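Visitor: Please take one part of this structure and examine it closely, residue by residue where that is possible. I should like the account to begin with the chain as a whole and then move to the part itself.

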Amino acid sequence: MNINQVREQLKIDEGVKYEVYEDHLGYKTFGIGHLVTANDEEYGAAVGCPVSEERVNAVFDKDVETYITESKKVFPNLDELHEEAQQVIVNMCFNMGAPRLSNFKKFVAAVNDDNWSTAAVEMMDSRWAKQVGVRAERLRDRISALSTWKPTPINDEFKKQRDEINDMYTKKGI
């Protein structure tokens with residue numbers, strides 16, 4: 001997965017604030033959509049309390065890795081999905097968390113069946129879609145576009161080259 005693309009998209013979707021603020025649900029947040037927890041040094045800080053750019057970036061990097069891992073709890077096959085689907089799923093998980101994402105049962109089933117048009121419809125049948133509005137529509141459109149995607153078949157020559165490279169690394173103990 002192109003993590004830099006995921007990061008850039010999340011910066012756009014979440015915005016960047018170098019202070020503690022209340023999100024649309026009234027929870028204290030800072031940086032790039034980071035919900036303040038009891039483990040954060042910002043815990044108990046007043047709304048408006050400044051947060052350094054270095055702190056925001058460090059927490060964001062950790063959050064992205066956390067939500068990739070969380071996404072894999074809902075989609076154990078995440079790494080095998082189309083790159084676009086991986087990025088959308090991580091974006092959704094970052095926004096709502098794995099427990100809520102796992103409640104999108106029909107979406108999860110459609111993704112696992114590579115039924116992208118159904119997955120796109122199921123994304124929008126939620127309170128989440130109403131809460132995030134344009135973000136949900138854009139993510140839906142990215143998933144919907146996958147319905148025209150066809151995987152490129154692996155030809156025999158490619159398989160032979162891949163197997164030779166794997167054998168070479170195996171012999172070297174890599």
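Guide: Of the 174 residues of the protein chain, 36% count as buried. The model is a predicted one, and the part chosen here is the sheet together with the helix that lies across it.

The setting comes first. The protein chain contains nine helices and three strands. Read from the N terminus, its elements follow the order α-β-β-β-α-α-α-α-α-α-α-α. Among contacts in the protein chain with a separation of 6 or more, 54% are made by residues 24 or more positions apart. The exposed surface of the protein chain comes to about 10,500 Å², and carbon and sulfur atoms supply 50% of it.

Now to the sheet. It is open, its three strands are arranged in the order β1-β2-β3, and the pairing is antiparallel. The edge strands are β1 and β3 (34-35), each of which pairs on one side only. In general, the strands of a sheet pair through backbone hydrogen bonds, either parallel or antiparallel.

The pairing of strand β1 (residues 17-22) with strand β2 (residues 28-31) rests on three bridges, and the two strands run antiparallel. At one position of this pairing, Glu22 stands opposite Lys28 in β2. The hairpin of β1 and β2 has five residues between the strands, and Gly26 in this hairpin adopts a positive phi near 90 degrees.

On the other side of the sheet order, β2 is joined to β3 by two bridges, and this pair also runs antiparallel. Phe30 has His34 in β3 as its bridge partner, while Thr29 is partnered by Leu35, likewise in β3. These two strands form a hairpin with two residues between them, and Gly33 in the turn has a positive phi of about 65 degrees. Each of the two hairpins thus has a glycine with positive phi: Gly26 in the hairpin of β1 and β2, and Gly33 in the turn between β2 and β3.

The sheet leads on to helix α2 (residues 53-74), which lies across β1, β2 and β3 and runs at about 105 degrees to β2. Helix α2 also packs with helix α3 (residues 83-96): the angle is about 110 degrees, and the axes are 9 Å apart. Angles of 65 to 115 degrees count as roughly perpendicular, and α2 and α3 are therefore roughly perpendicular to each other. On the α2 side, the residues in contact are Phe60, Asp63, Val64, Tyr67, Ile68, Glu70 and Ser71, and they meet Ile89, Val90, Cys93 and Phe94 in α3. By class, this contact of α2 with α3 has eight nonpolar, one polar and two charged residues.

Glu70, which lies in helix α2, merits separate attention. Its relative accessible area is 18%; since buried means under 20%, Glu70 is buried. Leaving aside residues up to four places away in sequence, Glu70 touches Cys93 and Ala98. Glu70 and Ala98 are 28 residues apart in sequence, yet their C-alpha atoms are 5.6 Å apart in space.

A second helix pair offers a point of reference. Helix α1 (residues 3-14) and helix α8 (residues 134-145) pack at an angle of about 150 degrees, with their axes 11 Å apart. That angle makes α1 roughly antiparallel to α8. Here Gln9, Leu10, Asp13 and Glu14 in α1 meet Arg135, Arg138 and Arg142 in α8. By class, the contact of α1 with α8 has one nonpolar, one polar and five charged residues, whereas that of α2 with α3 has eight nonpolar, one polar and two charged residues.

One further backbone detail may be added to the two glycines. Asp114 lies in the loop between α5 (105-112) and α6 (116-124). Its phi is near 55 degrees, a positive value in a residue other than glycine.

Note on methods
Residues are numbered from 1 along each chain as its sequence is written. This is a predicted model: local features need pLDDT of at least 70, side-chain atom pairs count only at pLDDT 80 or more; totals for chains, interfaces and linings use all residues. Side-chain values use heavy atoms; hydrogens and water are left out. Axes are lines fitted to C-alpha atoms, for helices over the stretch in contact, and angles run from 0 to 180 degrees between N-to-C directions. Helices (H or I, at least four residues) and strands (E, at least two) are DSSP runs, numbered from the N terminus. Angles under 35 degrees count as roughly parallel, over 145 as roughly antiparallel, 65 to 115 as roughly perpendicular and the rest as oblique. Contact means heavy atoms within 4.5 Å. Ala, Val, Leu, Ile, Met, Phe, Trp, Tyr, Cys and Pro count as nonpolar, Asp, Glu, Lys and Arg as charged, and the others, Gly among them, as polar. Two strands pair if DSSP finds at least two bridges between them. Buried means under 20% relative accessible area, exposed over 50%, partly exposed in between (1.4 Å probe, protein chains only). Accessible areas come from the Shrake-Rupley method with a 1.4 Å probe; for residues, only the protein chains shown count as cover.
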